[in-house]
Amino acid sequence: MASSIDCPHRPRHPAPPRAGRWTGVPVRARGRVALPAVALVVVAALTACGAGTGTTTRDVPAATVPAAGAPGTANTAQGRAGAGTRTRLPTRIPGLGPRTLAWIPGDARQVLVVTGRARDANRSEAVLYEHTGSGWEAGPAWPARNALKGWTDDHWAGDLRSPIGVFTLTGAGGLLPDPGTELPYDRSDAFSVSGTGFEGEPLEGSFDYVIAIDYNREPGTTPLDLTRPLGADRGGGIWLHVDHEGPTQGCVSLQERHMEELLRALDPDRHPVVVMGDTASLSK
C-alpha cells in the first residue's frame, strides 16, 4: 500500500485566473468523512499516486513542457555581497546535465529539483532554486521520499517507480485550508485518506497539502481531475504531498512544514517546474 492516488471522478475545472481559487466544501477537521466520493478516494489511494500516467516516453521530455535551452545560461552572475566576500550565483543549476537542462522551459524561474539517492532508492532530497536575474539561488535542502522501487524514465501504472523528467506545477489542493499559495487551490474532503503504507505507517494526513505534478494530466486543473491524456495504463495522480514516513507508489513526499513553505513560495508568474529523478539520470 502506498501514498499515491488515482482520484475519484470529478468534473474537470478550467484553470481560474491567478486572482481566483478553486473552492470546495466548508473546512472540516482532519479524519475520515462519510461521503461516497471519499470512500472512492480511500480505495483509490491504495493503488495510485505512483501509478502515474506518463506524459513522457523514454528520453523524451514531458509533453506539457516544451524543450528549451538551459535557463540562466544567457546571464552572467553578477555576484552578491556577503560577509566580507563576493559570492557569485551559478548560471546553471548544479547537478543537472545538458539533456535535463534542455527539458526545462526557458521561462521557468522556479525549479524544484528532487534528486534520488540511486536509481532503485526511495529516499531523495528536494531543493527549490529561484532565478534572481543574475543566477540560480538555492533554498534549503529538504528530505524527501519517492516510489518504493525508485525511478524510471518509462513509467507505467503499477510499476512502483517515480517518473523521471521535468514537469510543470500548475495546481494544488488538500484536506486543509489554503496555506497562502498563489497556485489555484482546491480545498476538499475528497483528499481524505486512511489505511497503511508499505511499511505499515498510517496514511492519514498524507493529502493535507498536495501539488499536482503535470505528468499525464491536464495542466491547470485540480489535482483531483482524472483526465489522462496518454491513457490510464500510463498511470496518474503523481503528486507532491505530505510525507507519511514511508515510500510512495510514485509521488514525491515532503514533511508537512516543507509542503507549506513550498506552497507559499511557488508563484505561477515564475512558471515553476519540478525536475525529478535519480542523481545519475539528472546529470545526463
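Aromatic pairs come first: there are 3 of them in this structure, which is a predicted model. The rings of F167 and Y215 are set with their planes at 90° and their centres 5.4 Å apart, so this pair is edge-to-face. F167 belongs to strand 8, residues 165-174, while Y215 lies in the loop between strand 10 (210-213) and strand 11 (239-242), so the pair ties together parts that are 48 residues apart in sequence. Both of these residues, F167 and Y215, are buried.

The next pair is that of F191 and W239, with 5.8 Å from centre to centre and 55° between the planes, a tilted arrangement. This pair, too, links distant parts of the chain. F191 sits in the loop between strand 9 (185-187) and strand 10, W239 sits in strand 11, and the two positions lie 48 residues apart in sequence terms. Are these two residues buried or exposed? F191 has a relative accessible area of 1%, so F191 is buried. W239 also counts as buried, because its relative accessibility is 1%. One further residue belongs in this part of the picture: F207 joins F191 and W239 in one aromatic cluster.

I turn now to a charge over a ring. The charged end of R234 sits over the ring of W156, at 4.2 Å from the ring centre.

Now a polar contact. Which side chain does H244 meet? The side chain of H244 makes a polar contact with the side chain of E201, at 2.9 Å. H244 is located in the loop between strand 11 and strand 12, the latter being residues 252-254. With a relative accessibility of 6%, H244 falls under the 20% limit and therefore counts as buried.

Next, the backbone. In general, most residues other than glycine have a negative phi. Two residues here deserve attention on that point. L160, although not a glycine, has a positive phi of about 60°. L160 is placed in the loop between strand 6 (151-152) and strand 7 (162-163). The relative accessible area of L160 is 17%, so L160 is buried. In N216, also a residue other than glycine, phi is positive and near 50°. N216 is found in the loop between strand 10 and strand 11, and its relative accessible area of 0% makes it a buried residue.

The loop between strand 10 and strand 11 also holds P229. Which residues does P229 contact, leaving aside its neighbours within four places in sequence? P229 is in contact with N216, R217 and E218. The C-alpha atoms of P229 and R217 are separated by 6.2 Å, with the two residues 12 apart along the chain. P229 has a relative accessible area of 45%, and P229 is therefore partly exposed.

Another loop residue to consider is S134, in the loop between strand 4 (123-131) and strand 5 (136-145). Its side chain makes a polar contact with the side chain of T132, at 3.1 Å. S134 and R88 are 46 residues apart along the chain, and their C-alpha atoms are separated by 8.5 Å. At a relative accessibility of 12%, S134 counts as buried.

Let me now consider the chain as a whole. The protein chain has 4 helices and 13 strands. Of its 284 residues, 55% count as buried. Among contacts in the chain with a separation of 6 or more, 73% come from residues 24 or more positions apart. The accessible surface of the protein chain comes to about 11100 Å², and carbon and sulfur atoms account for 55% of that surface.

Finally, confidence. The protein chain averages a pLDDT of 79, with 69% of the residues scoring at least 70. Where does pLDDT stay under 50? One such stretch is residues 1-48, for which the model has 138 contacts beyond four places in sequence. Another is residues 50-85, with 123 contacts beyond four places in sequence. Where pLDDT is low, the predicted coordinates should not be read in detail.

Key
Residues numbered from 1 in each chain as written. Predicted model: local features only at pLDDT ≥ 70, side-chain atom pairs only at ≥ 80, totals over all residues. Heavy atoms only, no water. Phe/Tyr/Trp six-rings, centres within 6.5 Å; stacked < 30°, edge-to-face > 60°. Buried < 20%, exposed > 50% of the residue type's maximum accessible area, 1.4 Å probe, protein only. Lys NZ or Arg CZ within 6 Å of the ring centre and 35° of its normal. Polar contact = N/O pair within 3.5 Å; in protein donor to acceptor, adjacent residues only side chain to side chain. pLDDT = per-residue confidence, 0-100. Contact = heavy atoms within 4.5 Å. Areas by Shrake-Rupley, 256 points an atom, 1.4 Å probe, with all protein chains shown as cover.
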